[in-house]
Structure formats: structure tokens, C-alpha cells
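This report covers salt bridges, overall form, helices and core packing. The sequence and the structure are shown first.

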Amino acid sequence: MTSKVDEALGYEQARDELIDVVRRLEAGGTTLEESLALWERGEELAKVCRRWLDGARARLDAALAEGEAAAEEADSE
């Protein structure tokens, strides 16, 4: 479950933090406990990014549908 802080993160903030988490995991040198905590944080950040992207897609789809409806209405006049 995402926290209120995560919900307030913008897409770019969440993406940048996720990139940092991935780099730290790939670099190694962390304990198992630290690696698990990083992994869990990465999963939460990925969810935040996915919600932002899903929302953006919905807005684009709505705008495209409005544009198509307006074009069809104009053609029928």
C-alpha cells in the first residue's frame, strides 16, 4: 500500500527515485535487509509511476475522443 507521501510524489520525482533505487541494487554491496527494503521501495515507486502514466493515458484518450466527436459533428453539419 502506498503512503500519503508517495501519493504526493510527481511522476518525475518518483521516476528519479526509482532510478536511484535500481542503481543502488545493481551496484550491490548492501545487506540482504537493505536490499529488500530497496526492492520494496522500488515496487512502491513503480506503482506511483504507473498511476501517473495510466492517468495521462486516460486524459489523452478523453481528449482524442472529444476531438473525434467534434470532427464528426462538424462533418454532419
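Asp-61 and Arg-57 are joined by a side-chain salt bridge, with N and O 3.5 Å apart. The structure is a predicted model. Both partners lie in helix 3, and because they are 4 residues apart there, about one helical turn separates them. An α-helix has 3.6 residues a turn, so residues three or four places apart point the same way. Asp-61 is partly exposed, at a relative accessible area of 39%, and Arg-57 is also partly exposed, at 47%.

A search of the whole structure gives 5 salt bridges. The table lists some of them, including the pair just described.

| Acidic residue | Basic residue | Closest N to O distance |
|---|---|---|
| Asp-61 | Arg-57 | 3.5 Å |
| Asp-54 | Arg-50 | 3.6 Å |
| Glu-17 | Arg-41 | 2.8 Å |

The bridge between Asp-54 and Arg-50 is likewise set within helix 3, where the two residues are 4 apart and so about one helical turn from each other. Asp-54 has a relative accessibility of 43%, which means that this residue counts as partly exposed.

Which distant parts of the chain does the pair of Glu-17 and Arg-41 link? The closest N and O atoms of this salt bridge are 2.8 Å apart. Glu-17 belongs to helix 2 and Arg-41 to helix 3 (residues 32–76), with their positions 24 residues apart in the chain. Glu-17 is partly exposed at 28% relative accessibility, and Arg-41 is partly exposed at 25%.

**Overall form**

The protein has 3 helices and 0 strands. Read from the N terminus, the order of elements is α-α-α. The radius of gyration is 19 Å, well over the 11 Å given by the globule rule for 77 residues, so the protein is more spread out than a compact globule. Along the principal axes, the C-alpha trace spans about 70 × 25 × 15 Å.

Of the 77 residues, 16% count as buried. The accessible surface amounts to about 6,100 Å², and carbon and sulfur atoms account for 56% of that area. Among contacts between residues at least 6 apart in sequence, 75% join residues at least 24 apart.

**Helix 2 and its end**

Helix 2 covers residues 11–27, a run of 17 residues. From first C-alpha to last, helix 2 reaches 24 Å, close to the 24 Å expected at 1.5 Å a residue. Gly-28 follows helix 2 and has a positive phi, near 75°.

**Core packing**

Which residues make up the largest nonpolar core? This core has 7 residues, namely Leu-9, Ala-14, Val-21, Leu-38, Leu-45, Val-48 and Cys-49. Helix 2 and helix 3 are the elements that give two or more residues to this core. The most comes from helix 3, with 4 residues.

Leu-38, one of the core residues, touches Val-21, Arg-24, Leu-25 and Thr-30, leaving aside residues up to four places away in sequence. Val-21 in this set of neighbours is itself listed in the core.

In summary, helix 2 and helix 3 are linked by the salt bridge of Glu-17 and Arg-41, and both helices give residues to the largest nonpolar core.

Notes:
Residues numbered from 1 in each chain as written. Predicted model: local features only at pLDDT ≥ 70, side-chain atom pairs only at ≥ 80, totals over all residues. Heavy atoms only, no water. Expected span 1.5 Å × (residues − 1). Salt bridge = Lys/Arg side-chain N within 4 Å of Asp/Glu carboxyl O. Buried < 20%, exposed > 50% of the residue type's maximum accessible area, 1.4 Å probe, protein only. Rg over C-alpha atoms; globule rule 2.2 N^0.38 Å. Contact = heavy atoms within 4.5 Å. Areas by Shrake-Rupley, 256 points an atom, 1.4 Å probe, with all protein chains shown as cover. Core = buried A, V, L, I, M, F, W, Y, C linked by side-chain atoms within 4.5 Å.
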